[in-house]
Amino acid sequence: MGKEDKSLKNYFEDPRKFADAWNAVVYKGRQVIKAEELHEVNSVFTAVTGSVEEERIADMVMKRTRDGNDLGILVLENNDKTDFSMPVRIFHEEALAYLKQVREIEARNRVTAKQLRKMGRLGAYYYYFTKDDRVRPVSTLVLCWDEKGWEGGKSLWDVMDFTGAEEMRETVPKYPIRVINMAHMENEEAFQTDLGTLVGLLRRKNDRDAFRNFAVQKGKHLGRTGWAALGELLHSKSLIKQAEKENEDEKEDKEMSVVGDWIDQMYDDGFNKGMEQGIEQGIEQGIEQGIEQGIEQGIEQGFEEGTRQERNQNICVHVTMLMKNMNWTEEKACQALSIAKEEYQAAKAEMQIKTNGDACNIPC
């Protein structure tokens, strides 16, 4: 995930938030995973077989222990976009985690191999994993932060081609994975930490008033790592900058009035459905699939396509949409679209656009 991955990893380093994610979305609010039972461990899964070493890197890994006994390993994967190979990736990571446990048990058993062999607990001399040995469970939770939701498979079968070999379904494990769409999760009350605030803000991001009201009401309970994670997920430079400043000031909570100012600044700077990211990263992708998708993916290419009339209409539609949805001035909207203000005015004149906000047949 890049920066998002780093910010969310910092956020979930707190065992309380890590446990809260599992309890809220997996155990339906039941407090099964205790924060005090969790201990962060190396997120690199490595297993050595002979001279071959395999390695996979997960986002966040916690070992669960109680009274000095290992209970299992919990893995958290954050994705802002669908990883279509995720079923295979998780299968590989968990297999390495199990194999690593086997190798550790074998290493311990080698020390007492003679005694175990005399007791009949070792089969052949090269089997150091006995019939009484057990590995601890490994479980992975995938949090999808993409507004479009998870578009990939949720089991090994979903990424397999059984064409001509349907009978193999009976012999190949399905191996389902657990994926949760965090961008549209409605029950933020199920969370016990400020993760509920983060989820609630993310769900309201396309409604400025609802977002601001929720932020003013509950935003002061969102710690600085939470604001940093939200800023990255929303691609809001102003929010990221403010979170970094709060980091320097070492303030954990925010005053409500300050939160409101942050939100106003964020929207004034151009946040709306990924608009800021779309302008900066990909305006060459075009607008063939409509106004809303065109704003998200970039719109300049669309101006170069079609007849003069279509071009003029595209210019008018998008300028008007930005002025309407973002509360921008005509000049700022034209600047964001990299067109001259005079070009927009000429297009508007040719299209005989009215100046009452209903131009280009844009529905109100």
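The following legends describe an overall view and several close-up views of a predicted model. Residues are numbered from 1 along each chain as its sequence is written, and side-chain values use heavy atoms, with hydrogens and water left out. Local features need pLDDT of at least 70 and side-chain atom pairs count only at pLDDT 80 or more, whereas totals for chains, interfaces and linings use all residues.

**Figure 1. Overall view of the protein, with 15 helices and seven strands.** Helices (H or I, at least four residues) and strands (E, at least two) are DSSP runs, numbered from the N terminus. The protein has 364 residues, of which 46% count as buried; buried means under 20% relative accessible area, exposed over 50%, and partly exposed in between (1.4 Å probe, protein chains only). Its accessible surface comes to about 19800 Å², computed by the Shrake-Rupley method with a 1.4 Å probe, where for residues only the protein chains shown count as cover. Carbon and sulfur atoms contribute 47% of that surface. Among contacts (heavy atoms within 4.5 Å) with a separation of 6 or more, 60% join residues 24 or more positions apart.

**Figure 2. Close-up of Lys9 in helix α1 (residues 3-12).** Lys9 is partly exposed, because its relative accessibility is 27%. Leaving out residues up to four places away in sequence, Lys9 touches Ser43, Asp59 and Met60. Of these partners, Met60 is 51 residues from Lys9 in sequence, yet the two lie 6.5 Å apart in space, C-alpha to C-alpha.

**Figure 3. Close-up of the loop between β6 (138-144) and β7 (178-181), with Val159 and Ser155.** Ser155 counts as buried because its relative accessible area is 2%. Apart from neighbours within four places in sequence, Ser155 is in contact with Pro87, Lys174, Tyr175, Pro176 and Ile177. Val159, by contrast, is partly exposed, with a relative accessible area of 36%. Together with Val88 and Met160, Val159 forms a nonpolar patch on the surface, with about 220 Å² of accessible area in total. Patches are made of residues with over 30% relative accessible area and no salt bridge, like charges being joined within 9 Å and nonpolar side chains (Val, Leu, Ile, Met, Phe, Trp, Tyr) within 5 Å. A salt bridge is a side-chain nitrogen of Lys or Arg within 4 Å of a carboxyl oxygen of Asp or Glu.

**Figure 4. Close-up of helix α6 (residues 208-218) and its buried residues Phe211, Phe214 and Ala215.** These residues lie on the same side of α6, because they cover an arc of only 100 degrees around the axis. The arc is that of the directions from the helix axis to the C-beta atoms. An α-helix has 3.6 residues a turn, so residues three or four places apart point the same way. The exposed residues Asp209, Asn213 and Gln217 occupy the face of α6 turned away from its buried side.

**Figure 5. Close-up of helix α15 (residues 341-350), in which Tyr344, Ala347 and Lys348 are buried.** The buried residues line one face of α15, since they fall within an arc of 100 degrees when seen down the axis. Turned away from this buried side is the face of α15 that carries the exposed residues Glu342 and Ala349.

**Figure 6. Close-up of Cys316 and Cys334 in a structure with zero disulfides.** A disulfide is a pair of cysteine sulfur atoms within 2.5 Å. The closest cysteine sulfur to that of Cys334 belongs to Cys316, at 9.5 Å, and is therefore too far for a bond. Cys316 is buried, with a relative accessible area of 1%, and Cys334 also counts as buried, at 1% relative accessibility.
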